[in-house]
Amino acid sequence: MARVQAVARVLALFCALGVAGAHAEDIVIRMVDASPEGPLAFEPVFVKARVGDTLVFSPSSKGHTTESLLVPDGAEAWKSGYDKETRIRLAKEGIYLYGCEAHLRMGMVGVVQVGQPVNLDAATKFANAESARFVMNKDRFSTALAQIR
Ligand SMILES: [Cu+2]
């Protein structure tokens with residue numbers, strides 16, 4: 001009987017580890033001077049992720065940063081230095097908007113959806129207000145937000 005309980009405990013542990021480990025993914029987002037979607041971009045501009053996944057911002061071109069502009073309630077904001085690979089673990093469900101400090105006004109921004117888009121209204125409102133101040137790539141936020149499902 002004790003042996004059965006021990007086996008059950010080991011199985012429960014494997015299941016718990018599986019939830020935290022096996023399904024979590026690294027999602028690479030390149031920071032680039034030029035992309036198929038236009039100049040000064042995060043590539044891909046939109047990603048869909050799951051809670052527990054990690055964004056890996058990769059400085060493929062020089063002179064860029066990543067910083068959060070809007071995150072779901074309870075999620076941590078971030079701000080990287082220049083030309084740094086930056087890892088962001090996505091702990092909360094919702095929409096994340098982020099940009100490059102140097103090129104925010106040039107529309108160097110991106111969108112991440114984690115699970116359900118629980119803060120879509122707030123994110124859309126914020127993105128529209130920011131986009132009105134962009135001097136180029138004015139539709140980058142709206143194109144990315146349109147991919148939310
Ligand atoms: Cu930049």
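## Exercises on two sheets and a core

Strand β1, which covers residues 26–35, is joined to β2 by 5 bridges, and the two run antiparallel; strands here are DSSP runs of E with at least two residues, helices are runs of H or I with at least four, and both are numbered from the N terminus. The model is predicted, so local features need pLDDT of at least 70 and side-chain atom pairs count only at pLDDT 80 or more, while totals for chains, interfaces and linings use all residues. Residues are numbered from 1 along each chain as its sequence is written.

**Exercise 1. Place β1 and β2 in their sheet, and find which strands stand at its edges.**

Solution. Begin with the pair itself, in which Ser 35 stands opposite Gly 38 in β2. Two strands count as paired if DSSP finds at least two bridges between them, and by following the pairs one arrives at an open sheet of 4 strands in the order β2-β1-β4-β6, with mixed pairing. Because β2 (38–43) and β6 (86–89) each have a single partner strand, they stand at the edges, and one side of each is left without a neighbour in the sheet. Neighbouring strands of this sheet are turned by 20 degrees against each other on average, direction ignored, where the axes are lines fitted to C-alpha atoms and angles run from 0 to 180 degrees between N-to-C directions.

**Exercise 2. Describe the sheet that holds β7, together with the partners of β7.**

Solution. This open sheet has 4 strands in the order β3-β8-β7-β5, and its pairing is mixed. Here β3 (46–49) and β5 are the edge strands, since each has a single partner strand and so has one side without a neighbour in the sheet. The average turn between neighbouring strands of this sheet is 30 degrees, direction ignored. Next, take the partners of β7 in turn: β5 (residues 67–70) is joined to β7 by 3 bridges and runs antiparallel to it, with Glu 67 opposite Gly 99 and Leu 70 opposite Leu 97. On the β8 side, 6 bridges join the strands, again antiparallel, and Tyr 96 has Val 112 as its bridge partner in β8.

**Exercise 3. Which residues touch the most other members of the largest nonpolar core?**

Solution. A nonpolar core is a set of buried Ala, Val, Leu, Ile, Met, Phe, Trp, Tyr and Cys residues joined through C-beta atoms within 7 Å. The largest one has 27 residues, of which Tyr 96, Leu 97 and Val 111 touch the most other members. Among the elements that give two or more residues to this core are β7 (94–99), β8 (109–114), α2 (120–131) and α3 (140–145). For β7, 6 of its 6 residues are buried, meaning that 20 or more other C-beta atoms lie within 10 Å of the residue's own, whereas 12 or fewer make a residue exposed and numbers in between make it partly exposed, with C-beta atoms placed from the backbone. Leaving aside neighbours within four places in sequence, Leu 97 has contacts (C-beta atoms within 7 Å) that include Leu 69, Val 109 and Phe 126.

**Exercise 4. Is Asp 83 buried or exposed?**

Solution. First locate Asp 83, which lies in the loop between β5 and β6. Asp 83 counts as exposed because it has 12 C-beta neighbours inside 10 Å. Beyond four places in sequence, Asp 83 is in contact with Pro 59 and Lys 62. Finally, Asp 83 and Thr 65 are 18 residues apart in sequence, while their C-alpha atoms are 6.4 Å apart in space.

Key: Contact = placed C-beta atoms within 7 Å.
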